[in-house]
Amino acid sequence: QCKDITSVEVPSSVTSIGEYAFYGLQTVHINATTPPAITSTNIINENAFIVLPDAATLATYQSTPIWEEFGTRLVTKDAMQLREVTVAANNSLSSLHKTIGEENLLNTIRLKVRGTINSYDIMLIRNKMLNLRYLDLSDAEVKACPYEYYSGFCTHDNKLEDHSFSELNLQVVHLPKNLEEIYECFLSCPHLDTVYCQPGLKRIGTSAFNNCPS
């Protein structure tokens, strides 16, 4: 558990990786085009990414026994880049979905959103952006929408209601500048490490960060 080291780069000369070699790290960059020998997926923890140099190498790892079990946690260097989007809340669909595109949802790990978002966008993040770890909403504004992103819950102006981001794998979140209230929005986020609250925040509800061990 190397708490002060978040990423390691593995040279192409490495041909074998033992169990728990990188356990506790957030990312491991592997440069070998031929997948090193491994006996299980326990070389890293369940929330970490293995970053590969290009799409061709990614395809090789995805078709190699044991390595293929990492699934969407095998990514290219491009996927680790910050994706920045500007959206406008829509009352019939997710503007985020339209802007990012279905094919890029799982490949978005770091996201900065500008503009306005509502229930549809919260639902998209909850249900389809499963690899999202870094979310910057500092230049975004939450708008009211009657659509339920979670059973019984929808967005209201400048508020983050219960279950907005509960049980997700987020690690770092920047809250919107105009946000006034948050409730149980980060309930049971096991890997949440940092939440940046803006000066305009007036209320943090009971259990907002319940079961967030970090």
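**Exercise 1.** Which residue is the bridge partner of H29 in β3? Work outward from that pair to describe how β2 and β3 are joined.

*Solution.* The model is a predicted one, and the steps below are read from its computed geometry.
- Step 1: The bridge partner of H29 in β3 is V51.
- Step 2: In β3, F49 is the bridge partner of T27.
- Step 3: Strand β2 covers residues 27–30 and strand β3 covers residues 49–52, and 3 bridges join these two strands, which run parallel.

**Exercise 2.** Place β2 and β3 within their sheet, and state which strands lie at its edges.

*Solution.*
- Step 1: The sheet is open and consists of 4 strands, whose order is β1-β2-β3-β4 and whose pairing is parallel.
- Step 2: β1 (7–10) and β4 (74–76) are the edge strands, each of which pairs on one side only.
- Step 3: From one strand to the next, the twist averages 25°.
- Step 4: Between β3 and β4 there are 3 bridges, again in the parallel sense, and L52 stands opposite T76 in β4.

**Exercise 3.** Determine which way the side chains of β3 point, and whether they are buried or exposed.

*Solution.*
- Step 1: F49 and V51 point one way from β3, whereas I50 and L52 point the other way.
- Step 2: The four residues F49, V51, I50 and L52 are all buried, the criterion being a relative accessible area under 20%.

**Exercise 4.** Describe how helix α1 is placed against the sheet, and explain why its buried residues line one face.

*Solution.*
- Step 1: Helix α1 (residues 55–62) packs on the sheet and touches β2, β3 and β4, while its direction makes about 170° with that of β4.
- Step 2: Taken together, β3, α1 and β4 make a right-handed β-α-β unit.
- Step 3: T57, L58 and Y61 are the buried residues of α1. Seen down the axis of α1, these buried residues fall within an arc of 105°, so they line one face of the helix.
- Step 4: The general background is that an α-helix has 3.6 residues a turn, so residues three or four places apart point the same way.
- Step 5: The buried residues of α1 pack against β2, β3 and β4, whereas the face turned away from the buried side carries the exposed residues A55 and A56.
- Step 6: At the start of α1, a side-chain oxygen of D54 comes to within 3.3 Å of the backbone nitrogen of A56.

**Exercise 5.** Characterise the surroundings of Q171 and of A140, leaving aside neighbours within four places in sequence.

*Solution.*
- Step 1: Q171 lies in the loop between β10 (159–160) and β11 (172–174), and Q171 has a relative accessible area of 15% and is therefore buried, since buried means under 20%.
- Step 2: The contacts of Q171, with those neighbours left aside, are Q26, N47, R133, H191, L192, D193 and T194.
- Step 3: A140 belongs to strand β7 (residues 134–142), and with a relative accessible area of 4% A140 is likewise buried.
- Step 4: With its own neighbours left aside, A140 is in contact with V113, G115, P176 and K177.
- Step 5: A140 and I117 are 23 residues apart in sequence, and their C-alpha atoms are 7.0 Å apart in space.

Terms used: Residues are numbered from 1 along each chain as its sequence is written. This is a predicted model: local features need pLDDT of at least 70, side-chain atom pairs count only at pLDDT 80 or more; totals for chains, interfaces and linings use all residues. Side-chain values use heavy atoms; hydrogens and water are left out. Two strands pair if DSSP finds at least two bridges between them. Axes are lines fitted to C-alpha atoms, for helices over the stretch in contact, and angles run from 0 to 180 degrees between N-to-C directions. Contact means heavy atoms within 4.5 Å. Buried means under 20% relative accessible area, exposed over 50%, partly exposed in between (1.4 Å probe, protein chains only). A crossover is right-handed if, with the strands pointing away from the viewer, the path from the first strand over the helix to the second runs clockwise. The arc is that of the directions from the helix axis to the C-beta atoms. A polar contact is a pair of N or O atoms within 3.5 Å; within protein, one must be able to donate a hydrogen and the other to accept it, and residues adjacent in sequence count only if both atoms are side-chain atoms.
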